[in-house]
Amino acid sequence: MSGPLVVVGDALLDRDVSGAVNRVCPDAPVPVLDERSATDRPGGAGLAALLAAAHGTDVALVTALADDPAAARIAELLTAAGVRLYPLRMPGATAEKIRLRAGGQTLLRLDRGGAPQAPGEPPEAALEVIASAGAVLASDYGRGLLRQPTLRAALADASAPVVWDPHPKGPAAVAGARLVTPNLAELRQLTGDAGAGSALSTATRAGHELRRRWRVGAVAVTMGPEGAVLCHSGSTPLVMPPPSEVDSVEDTCGAGDRFAAAAATALAGGALVSEAVGEAVAAASAYVAAGGAAGLHRQPEDQGPSVPAGSAEDVVARVRADGGTVVATGGCFDILHAGHVATLQAARRLGDALVVCLNSDRSVRGLKGPERPLNTEADRARLLAALDCVDAVVVFDEPTPHMVLSRLRPDVWVKGGDYAGDGAPELPEAELVRGWGGRVVTVPYLAGRSTTATITAARQRGTRLIKGAA
């Protein structure tokens, strides 16, 4: 990424007031919320910038801030997160959105700040940072910043890819924007589409219409748990499902911001639009699975160790909490074949969850030579995770899995049967695993299946075909 991710848009102050409801108000039939905690965070474009910065991206935010305590709080929170601010002066008050919550649910939202007012001119530094951006995310929350003429001209002239996250009350994207990211409800409002037919047909029809009207490169319609639909220059849309189903959704606030920021970051790194949308779907899904906005500021005593939902650590913690048995196995799994599947299925039957410790690309090169692996660690991990018998995959960078095993401490460590038999060497991990009371076992291995043999046979066949063609 040659320059920063520059987020341009309306920043708000979000506050979550959480408590318990144990009684009804005596003078009106409404619940009484006993406040237990209150958490402030940047909202709107500020949240998009915060989420991008939290994942190690260099982020600058061009926004409008009033001269009031809410704006000061936004600036404090963003600066602490490493986001560089380029504010325009805004008359009036900063918008605030206060959510009253109990039991993981929002009871009421209170909005402050009144009607939006036009911001002043952007400072020269704001225009310069847009011109130097690696990517630009226009995050519109309908409060007028993206209508500012000088700012719009700078966005239209930007050489970096522009991702536009629209609002029904906001202006059209600048012509030539690389990607527009409305959700389905926003898309229908923006195009006036009545939504006849299925959600997919509506997203396709209205997505192409918006792309034509606004003269932008592509439109990615976010569909919540269904992923996204990408409408591009071709007539056939590209459907991007989420990588896995989220069991329960506590809070989806900010999922669209996470999606748009991840897409912009991927484009800055040279990704194709389709690749960027795929990465954005995965990022937004992980964000929602981890609790969304409500999960950003959980206290350690409320949630225990901070681990991503669905990670190996998360799987191990859940199984242990239920008194179950954690099984682990490891390997390169460069070309997944029937022998691998037999080993994995047998290993899974030994406990309540199976974690696969996967050698990274660098680790495989060290073990197998510079021509391996044939498949990247991301592809290998995705194939393994798609198997019903695999509950989690963790990639390790060392020559052996000793470090990751020390962290996970499985109850059973499994290897394929090619390690079994009289005179077979002791597994190098055996002593380590037994140190915490774990067991080391081998399981049956299908004879005649190996990655090396598969690669050799493929190369020999290719050589014969070349000679035959000659």
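Biologist: How far apart are the end C-alpha atoms of helix H8 (residues 273–289)?

Modeller: This is a predicted model in which local features need pLDDT of at least 70 and side-chain atom pairs count only at pLDDT 80 or more, while totals for chains, interfaces and linings use all residues. Residues are numbered from 1 along each chain as its sequence is written, and side-chain values use heavy atoms, with hydrogens and water left out. Helices (DSSP H or I, at least four residues) and strands (E, at least two) are runs numbered from the N terminus, and the expected span of a helix is 1.5 Å times one less than its number of residues. Because H8 has 17 residues, it should span 24 Å, and this agrees with the separation of its end C-alpha atoms, 24 Å.

Biologist: At what angle do H7 and H8 pack?

Modeller: Axes are lines fitted to C-alpha atoms, for helices over the stretch in contact (heavy atoms within 4.5 Å), and angles run from 0 to 180 degrees between N-to-C directions. The axes of H7 and H8 lie 8 Å apart. The contact includes Phe-259 and Leu-267 of H7 together with Val-277 and Tyr-287 of H8, and the packing angle is about 145°.

Biologist: Which strands are the edge strands of the open sheet S3-S2-S6-S7?

Modeller: Two strands pair if DSSP finds at least two bridges between them, and the four strands of this sheet show mixed pairing. Strand S2 (residues 11–24) runs antiparallel to S3, joined to it by 13 bridges, with Gly-19 opposite Glu-35 in S3. Pairing on one side only marks the edge strands, S3 (31–44) and S7 (105–112).
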